[in-house]
Amino acid sequence: MYTRLGYALLAVSFLLWKLDIGILWSGLCLIGACVLFLPEKGRYVSPANKIVIITGCDSGFGNKLARRLDAKGFIVFAGCLAPDREGARDLKEACSDRLNIVHLDVTDDWKVREMIAAVKQKMNGNVLWAVVNNAGIAVFQEIEWCAVEQFQQLLDVNVLGVVRVTKATLPLLREGGGRVINVASLAGRFTVPAFAAYSMSKKACIAFSDGLRQEMAKFGVRVITVEPGLYKTPIASEEYLITQNRKSWAETPSEIKDVYGEEYFESFLETISKQMKRARSNVEEVIDQMVEAVTRENPKCRYVPHWLTYIRATVLMYLPQSVTDAFFRKTYKVKGPVHVKKQ
């Protein structure tokens, strides 16, 4: 209720701003923002006899979410790309017998079918309650040295992987009146320098979620997005991203490298390192909202972890494109000369 009231007040304040009624706009905007962040009272579902599928549980958000939902009493199917490695083994050891580790590559139709078959074997008196599409990869590179193959890989995992798993599970979700939770990103709302490939994939994930939510409403299946900003997770590891960039740069044609120059590239790496150091370390903020999306009887359509991040994102959405472009260029500015050949 508080959320709807907060949004309504903010919408009215925006209208008043358009009409240039300054005092009323300021007052309603402040009240709406305060109401929006009041704690909401709501009922939570019982975990009894409810199955939850989570992709990308080798590490990061997926691994932590699997532990939390297992502790709450859900039957968890934790999809892991490397089920024999440390991340999956530690997860299994830390959880109850209700948790099932399944080998899952979201880009592989056969692996997805195998996972569905394993879930069906556990359906005796149980229902598929939620599918959390969490598996994802990241590439933070400027477009000219980001290979087409990397764009393709991002789309295969972050977009088609979500589509593949969702389509495979919808028949079971309809039976149980369940829900789909897609882990997108604020990068799906805003694109900054060096994030183009990643943002493309997350924008597509959000578009898919928006369409699916409207189409599934008639079946009582909810569709929710969780859209975190930048957090300290394995896919945002500074060492990994630097290594990834150096490999791509080494494979970039010399005529492109000559335009940018080595000094610019090294400065770019410094900027990436600086931005990764700004990543939020409290990943539990994200896990809390993922748990809300799974367990609340009437969840929101969209979750943005951390209140300040939410406010910043909301403000940016209403600014002119020229203003946000200038803001992001300044924030992600790379020092160093760019060698442009004169004609």
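This briefing describes the nonpolar cores, the sheet, a pair of packed helices and one buried serine. The structure is a predicted model. Its largest nonpolar core has 34 residues, and an open sheet of 7 strands is built with parallel pairing. Helix H7 takes part in several of these features, since the helix gives two or more residues to the core, packs on the sheet and also packs with H6.

**Nonpolar cores**

- Within the largest nonpolar core, of 34 residues, those with the most contacts inside it are Phe140, Trp145, Phe195, Tyr198, Phe268, Ile272 and Met276.
- Two or more residues each come to this core from helix H6 (148–176), helix H7 (196–216), helix H8 (238–250), helix H9 (254–260), helix H10 (262–277) and helix H12 (307–318), and H10 gives the most, with 6 residues.
- Not counting residues up to four places away in sequence, Phe140 touches Ala194, Phe195, Tyr198, Leu241, Gln244, Asn245, Phe268, Ile272 and Met276.
- Apart from the largest core lies another core, of 32 residues, which includes Phe61, Ala78, Trp129 and Val226.

**The sheet and its edges**

- The open sheet has the strand order E3-E2-E1-E4-E5-E6-E7, and the pairing is parallel.
- Strand E3 (100–103) and strand E7 (302–303) stand at the edges with a single partner strand each, so that one side of each has no neighbour in the sheet.
- Strand E6 (residues 222–226) runs parallel to E7 and is joined to it by 2 bridges, with Thr225 standing opposite Arg302 in E7.
- Helix H7 packs on this sheet by touching strand E5 (179–183) and E6, and the direction of H7 makes about 165° with that of E5.

**Packing of H6 and H7**

- The helices H6 and H7 pack at an angle of about 20°, with their axes 8 Å apart, and they are therefore roughly parallel to each other.
- The crossing in which H6 passes H7 is right-handed.
- On the H6 side, the residues in contact include Phe151, Leu154, Leu155, Val159 and Val163, while those they meet in H7 include Tyr198, Met200, Ala204, Cys205 and Phe208.
- Polar and charged names also appear in this contact set, among them Asn158, Thr166 and Arg174 in H6, and Ser201 and Lys202 in H7.

**Ser273 in H10**

- Ser273 lies in helix H10 and counts as buried because its relative accessible area is 13%, where the cut-off for buried is under 20%.
- Leaving aside neighbours within four places in sequence, Ser273 is in contact with Glu238 and Ile242.
- Although Ser273 and Ile242 are 31 residues apart along the chain, their C-alpha atoms are separated by 7.9 Å.

Key
Residues are numbered from 1 along each chain as its sequence is written. This is a predicted model: local features need pLDDT of at least 70, side-chain atom pairs count only at pLDDT 80 or more; totals for chains, interfaces and linings use all residues. Side-chain values use heavy atoms; hydrogens and water are left out. A nonpolar core is a set of buried Ala, Val, Leu, Ile, Met, Phe, Trp, Tyr and Cys residues joined through side-chain atoms within 4.5 Å. Buried means under 20% relative accessible area, exposed over 50%, partly exposed in between (1.4 Å probe, protein chains only). Helices (H or I, at least four residues) and strands (E, at least two) are DSSP runs, numbered from the N terminus. Contact means heavy atoms within 4.5 Å. Two strands pair if DSSP finds at least two bridges between them. Axes are lines fitted to C-alpha atoms, for helices over the stretch in contact, and angles run from 0 to 180 degrees between N-to-C directions. Angles under 35 degrees count as roughly parallel, over 145 as roughly antiparallel, 65 to 115 as roughly perpendicular and the rest as oblique. A crossing is left-handed if the near helix is turned anticlockwise from the far one by less than a right angle, and right-handed if clockwise.
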